[in-house]
Amino acid sequence: MPRAGLTVDRLVRAGAELADEVGFEQVTVSALARRFDVKVASLYSHLKNSHDLKTRIALLALEELADRAAHALAGRAGRDALAALAGVYRDYAREHPGRYAAARLRLDPETAAASAGVRQAQMMRAVLRGYDLAEPDQTHAVRLLGSVIHGYVSLELAGGFAHSTPDAQVSWEWILDRLDTLLRGPLPH
């Protein structure tokens with residue numbers, strides 16, 4: 001019988017908060033049970049196991065990112081849209097490092113296809129439409145942007161730019177400018 005007050009949504013949100021506090025890899029049903037001061041068994045009426053919990057946290061993070069991106073991109077195009085989308089990922093990672101890590105969880109194909117990750121991919125392609133890229137260049141550009149944004153954010157979160165100049169924000173803007181220039185220019189074949 002489910003414990004009063006505990007719902008899947010409440011558990012997933014608490015798991016997401018826990019991920020931000022201790023790291024996504026540390027999130028387990030046992031850790032969540034300790035947070036609610038309940039026995040692990042009482043959570044199994046809501047969650048199958050730790051993988052189910054992590055998958056649900058990933059889906060929440062993907063949804064939050066997609067919602068933020070949609071809001072940030074409204075009415076923007078070109079470099080402005082590129083910077084807005086990249087900024088959403090960078091800001092989200094800073095605010096919610098555990099959830100950001102969760103958004104990178106490899107999902108099974110069916111779950112991935114039904115997730116907000118699809119909306120994110122559509123928004124990335126919408127940003128790239130402003131650069132007039134045909135396939136397969138558009139797919140290459142999606143991968144390039146994802147790699148650069150995630151790589152930069154991951155290094156920044158790990159403190160990789162904390163002890164050098166110029167400031168990380170200056171480098172971020174430089175990178176966005178160079179990406180914009182690259183995407184606007186003729187592509188070698």
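Trainee: Which residues of α10 are buried?

Mentor: Happy to start there, bearing in mind that this is a predicted model. A residue counts as buried when its relative accessible area is under 20%. In α10, the residues that are buried are A168, W172, L176, L179, D180 and L183.

Trainee: How many degrees around the axis of α10 do they cover?

Mentor: An α-helix has 3.6 residues a turn, so residues three or four places apart point the same way. The buried residues lie on the same side of α10, because their arc around the axis is only 120 degrees.

Trainee: Which helices do the buried residues of α10 pack against?

Mentor: Contact here means heavy atoms within 4.5 Å. The partners of those buried residues are α5 (78–95), α8 (117–129) and α9 (137–157).

Trainee: How far apart are the end C-alpha atoms of α10?

Mentor: Helix α10 has 17 residues, from 168 to 184. At 1.5 Å a residue, it should span 24 Å. The model agrees with that, as the end C-alpha atoms are apart by 24 Å.

Trainee: Is Y131 buried or exposed?

Mentor: Y131 sits in the loop between α8 and α9. Its relative accessible area is 6%, and the cut-off is under 20%. Y131 is therefore buried.

Trainee: Which residues does Y131 touch, not counting those up to four places away in sequence?

Mentor: One polar approach is to R79, whose backbone nitrogen lies 3.4 Å from a polar atom of the Y131 side chain. Leaving out residues up to four places away in sequence, Y131 touches G78, R79, L82, D180, L183 and R184.

Note on methods. Residues are numbered from 1 along each chain as its sequence is written. This is a predicted model: local features need pLDDT of at least 70, side-chain atom pairs count only at pLDDT 80 or more; totals for chains, interfaces and linings use all residues. Side-chain values use heavy atoms; hydrogens and water are left out. Helices (H or I, at least four residues) and strands (E, at least two) are DSSP runs, numbered from the N terminus. The expected span of a helix is 1.5 Å times one less than its number of residues. Buried means under 20% relative accessible area, exposed over 50%, partly exposed in between (1.4 Å probe, protein chains only). The arc is that of the directions from the helix axis to the C-beta atoms. A polar contact is a pair of N or O atoms within 3.5 Å; within protein, one must be able to donate a hydrogen and the other to accept it, and residues adjacent in sequence count only if both atoms are side-chain atoms.
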